[in-house]
Amino acid sequence: FFQKTLTAIKNWFTLFGWSKGQNPVSIPRSLRRDVCKAQMTSSHGKLFKQSLGKDTKTFYDMLFHLSGQLLPAITSSQSLPLDPVERMLQLHWQHSTLLSFLKSQGAYLPYVMPEFLLEPDDYKKWIEVQTLLKVDVKNSDIFSDKHLFILEDSMFETMSKRAWTDVLLQIYKVFVLPRVSSHSTTDLFSLESVQNMPRIKSEPLSSNIYSPYERTILTWLNKHYEKNRKTVWKDCQKGGVPPMRWIVNFDRDLLDGLVLAAQLAAYCPYLIATHFVRMYTNARTPEQFLHNCLILVNAMHVVSLAIDIKV
């Protein structure tokens, strides 16, 4: 389950997380690595700022593209100190700032510590500093053993991957999902075919699983399916018109491909005759489900909806 979630997140952020086209994302490696566009180098006792290239894309570029906001005191052209310990401390501060920023926007990341977002070597330096440094009261907020978790290498990598996965999920939740608007779906309620449909409440406390934005999407799925099912499959070659259904989740209710096909048909009706009439409208076996989803993914490719969804 976690691996499928990881793959879906990686694909989405690779395709849509950046301002200028696609940029491959690996969780957690590229996120931990791509944190600055310049690095400090030394030569004959002098420090120089070396650019890593104008095409270098950092995690903060992605965050700015999705949120429209820069983190406080963090610029896109900043560099990291040359000294390994100072570099680690600055990265820890940046990650701490990131988590505080996301939490202020409504993200829920109670278990994610800034050190979980570091590179493995930097994490070891963090543990060494925390363990060996004798601190005074003034620095106790920064160096506190109250939340010190000493993880083995393999366990740290697992924790880091999980932490970065949840950071990306929460970024999606607070910056992408809220773009969903219910304005475009209200006019569909006037249709006679959907007036008797059960309503999905959009109030924040009406579901402990889905957010109001996700329930707006479910409402959109319900309306288009009910509006289009008789039109799309009136001449179906493998069954009659599919029955009315109430779509209340994003997994089981979409398995046979019919709901998503109805959405595509609403915007691209020319796909009905070439693709959707060949779908099983009462799919029962795994082979029939596969057949329907092959047609659906093929239809997506026809309209250049290349979002790397596997059948």
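User: What makes a stretch of chain a helix here, and which one holds Leu290?

Analyst: A helix is a DSSP run of H or I with at least four residues, and the numbering starts from the N terminus. Leu290 sits in helix 11, which covers residues 286–302. Keep in mind that this is a predicted model.

User: How many helices and strands does the chain have, and in what order do they come?

Analyst: The chain has 11 helices and three strands. Starting at the N terminus, the order is α-α-β-β-α-β-α-α-α-α-α-α-α-α.

User: Why is Leu290 called partly exposed?

Analyst: Its relative accessibility is 47%. Buried needs under 20% and exposed needs over 50%, so Leu290 at 47% lands in between and counts as partly exposed.

User: What makes Leu290 part of a surface patch?

Analyst: Leu290, Leu294 and Val311 make up a nonpolar patch with about 270 Å² of accessible area together. A patch residue needs over 30% relative accessible area, and Leu290 has 47%.

User: How do you know that Arg32 is buried?

Analyst: Arg32 has a relative accessible area of 5%. The cut-off for buried is under 20%, so Arg32 qualifies. Arg32 belongs to helix 2. Apart from neighbours within four places in sequence, Arg32 is in contact with Leu117, Leu118, Glu119, Pro120, Phe156, Glu157, Ser160 and Trp164.

User: Why is the Glu119 and Arg32 pair called a salt bridge?

Analyst: The N to O distance between their side chains is 3.7 Å. A salt bridge needs a side-chain nitrogen of Lys or Arg within 4 Å of a carboxyl oxygen of Asp or Glu, so 3.7 Å makes the cut. Glu119 is in the loop between helix 4 and helix 5 (120–132) and Arg32 is in helix 2, so the pair ties together parts that are 87 residues apart in sequence. Glu119 is partly exposed at 25% relative accessibility.

User: What makes Lys124 and Asp153 another case of a salt bridge?

Analyst: Their closest N and O atoms are 3.5 Å apart, and the limit is within 4 Å. The pair links distant parts of the chain, with Lys124 in helix 5 and Asp153 in helix 6, 29 residues apart. Lys124 has a relative accessible area of 38%, so it counts as partly exposed. Asp153 comes out at 53%, so it is exposed by the over 50% rule.

User: How do you know that Asp256 and Arg245 form a salt bridge, and where are they?

Analyst: N to O, their side chains are 2.7 Å apart, and that satisfies the within 4 Å rule. Asp256 and Arg245 are in the loop between helix 8 (212–232) and helix 9 (258–267), 11 residues apart. Asp256 is buried at 9% relative accessibility, whereas Arg245 is partly exposed at 23%. Elsewhere, salt bridges with shared partners join Arg32, Glu119 and Glu157 into one network. The structure holds nine salt bridges.

User: Why is Asp235 called exposed?

Analyst: Asp235 has a relative accessible area of 52%, and exposed starts at over 50%, so the label fits. Asp235 is in the loop between helix 8 and helix 9. Its C-alpha atom is separated by 8.8 Å from that of Ala273, 38 residues along the chain.

User: What makes the buried residues of helix 3 a face of that helix?

Analyst: Phe59, Tyr60, Met62, Leu63, Leu66 and Ser67 are the buried residues in helix 3 (residues 59–67). Looking down the helix axis, they fall within an arc of 155°, so they line one face. They pack against helix 1 (2–16), helix 2 (29–33), helix 4 (84–104) and helix 6 (153–176). Gly68 follows helix 3, with a positive phi near 75°.

User: How do you know that there are zero disulfides?

Analyst: The whole structure was searched and zero turned up. To count, a pair of cysteine sulfur atoms must be within 2.5 Å. As for two of the cysteines, Cys268 is buried at 12% relative accessibility, and Cys293 is buried at 16%.

User: What are the totals for burial, contacts and surface?

Analyst: Buried residues are 40% of the 311 in the chain. Of the contacts with a separation of 6 or more, 62% come from residues 24 or more positions apart. The accessible surface is about 18,100 Å², with 57% belonging to carbon and sulfur atoms.

Methods: Residues numbered from 1 in each chain as written. Predicted model: local features only at pLDDT ≥ 70, side-chain atom pairs only at ≥ 80, totals over all residues. Heavy atoms only, no water. Buried < 20%, exposed > 50% of the residue type's maximum accessible area, 1.4 Å probe, protein only. Helix = DSSP H or I, 4+ residues; strand = E, 2+ residues; numbered from the N terminus. Arc of directions from axis to C-beta. Contact = heavy atoms within 4.5 Å. Patch = residues over 30% accessible without salt bridge, like charges linked within 9 Å, V, L, I, M, F, W, Y side chains within 5 Å. Areas by Shrake-Rupley, 256 points an atom, 1.4 Å probe, with all protein chains shown as cover.
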